[in-house]
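Q: Could you take me on a close look at one part of this structure, the second largest pocket? I would like to know what lines it and how it fits into the rest of the chain.

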Amino acid sequence: MKLPRNFYKPLAIGAPAPLRELPVRLERMIHFVPPHVEKMRAKVGELVAQVDVVLGNLEDAVPADAKLAARAGFIAMAEAHDFGACGLWTRVNALNSPWALDDVVEIVAAVGHKLDVIMLPKVEGPWDIHYLDQLLAQLEAKHGVKKPILIHAILETAEGVDNVAAIATASPRMHGMSLGPADLAASRAMKTTRVGGGHPDYQVLADAAGDAPRARFQQDLWHYTIAKMVDACAAAGIKPFYGPFGDFSDAAACEAQFRNAFLMGCAGAWSLHPSQIAIAKRVFSPDPGEVAFARKILDAMPDGTGAVMIDGKMQDDATWKQAKVVVDLARLVAAKDPEMATGYGL
């Protein structure tokens, strides 16, 4: 076990010191771009102003014969644009693949100074984070990268979910985690081919009432896993995210799944299609009515102590903390989106 006083020491001579607090950034949507497709790379300049995070995807959905082109395309994409307040991430290939090492080595060498986060797929336990942590420190030192590159883990195996708390605290580089429902479903032998969302056969029945038809209620396949991930991330001070929703034709279901994740504590979700950008922006920005009520609570309890009645509802230190979460998020959104700022009165 690493001693507490050594936890925040650089893992290589000349590497930047690990961050003690995550940067305060708006990350409502992580928008995936296939960098091996030139016409998609050409749209990145427009995306930078529309999304919170642009991610160059090197892993799933990139054919084996296009892996090298995707890596080169991401480097070119990163070099070509000033990302400003928009985050620049990449999802590298899994550590057991023949491409992962070169993904990390070549990308950090070329654009490590611009890269904010590496998303690591199929994380099984803290040992995967430890490997990438050490490798990144060595590469940062070698190439003079001044800001530590953070790590974002994808939970997409049963072993990874079982080890979620250890993964969350494996390194000060940990940025957060995302749910990977498709691979996780396969790992668990779940009987679904859907990518995220519910399933019509996963349901409960209302109690029988004579011969009357019994009402059926669809349940959320992912509720337990998201809750476990959110708890692990909250305890470690990192961010939880919903992952992909694969049915681009069902905007209502996508919004419902994103909203469930938002209410449970997730900071954002993946957007795989341009239509999902607006959904994520809407869902992961707090409702103006909620913000207005939260501001009433903060105004009535400036120091967060005591109890007051507002609109017939009792508010105390616990609801003050809830209100602060809402208002702090609203201020982040307002700083980036003038229209939302007007709606919030900020």
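**A look into the pocket**

A: Let's start with the walls: the lining of the second largest pocket is made up of 15 nonpolar, 5 polar and 6 charged residues. Here Ala, Val, Leu, Ile, Met, Phe, Trp, Tyr, Cys and Pro count as nonpolar, Asp, Glu, Lys and Arg as charged, and the others, Gly among them, as polar.

Before going on, please keep in mind that this is a predicted model, where local features need pLDDT of at least 70, side-chain atom pairs count only at pLDDT 80 or more, and totals for chains, interfaces and linings use all residues. Residues are numbered from 1 along each chain as its sequence is written, and side-chain values use heavy atoms, with hydrogens and water left out.

What is a pocket? On a 1 Å grid over the protein atoms alone, a pocket is an open set of points with protein on both sides within 12 Å along at least five of seven lines, a cavity is a set of points where a 1.4 Å probe fits but cannot get out, and lining residues have an atom within 4 Å of a point. Of the 26 residues that line the second largest pocket, Phe32, Asn57, Ala61, Leu272 and His273 lie nearest its centre. The space inside this pocket is about 500 Å³, a volume being the space filled by probe spheres set on grid points that are joined across faces, edges and corners.

At least two lining residues come from each of strand S1 (29–33), helix H2 (44–47), helix H8 (181–188) and helix H11 (274–283). These names follow DSSP runs, numbered from the N terminus: helices are H or I with at least four residues, strands E with at least two. Over the protein chain there are 14 helices and 12 strands.

Now for the interior. Buried residues (under 20% relative accessible area, with exposed over 50% and partly exposed in between, for a 1.4 Å probe and protein chains only) make up 47% of the 346 residues. A nonpolar core joins buried Ala, Val, Leu, Ile, Met, Phe, Trp, Tyr and Cys residues through side-chain atoms within 4.5 Å. The largest one has 79 residues, and Ile30, Val104, Ile129, Met177 and Phe258 touch the most other members. Leaving aside neighbours within four places in sequence, the contacts (heavy atoms within 4.5 Å) of Phe258 include Tyr242, Trp270, Ile279 and Val283.

Finally, a cavity: there is 1 of 30 Å³ or more. The largest cavity has a volume of about 90 Å³, and Lys9, Leu11, Pro18, Asp133 and Arg173 are the closest to its centre among the 14 residues that line it.
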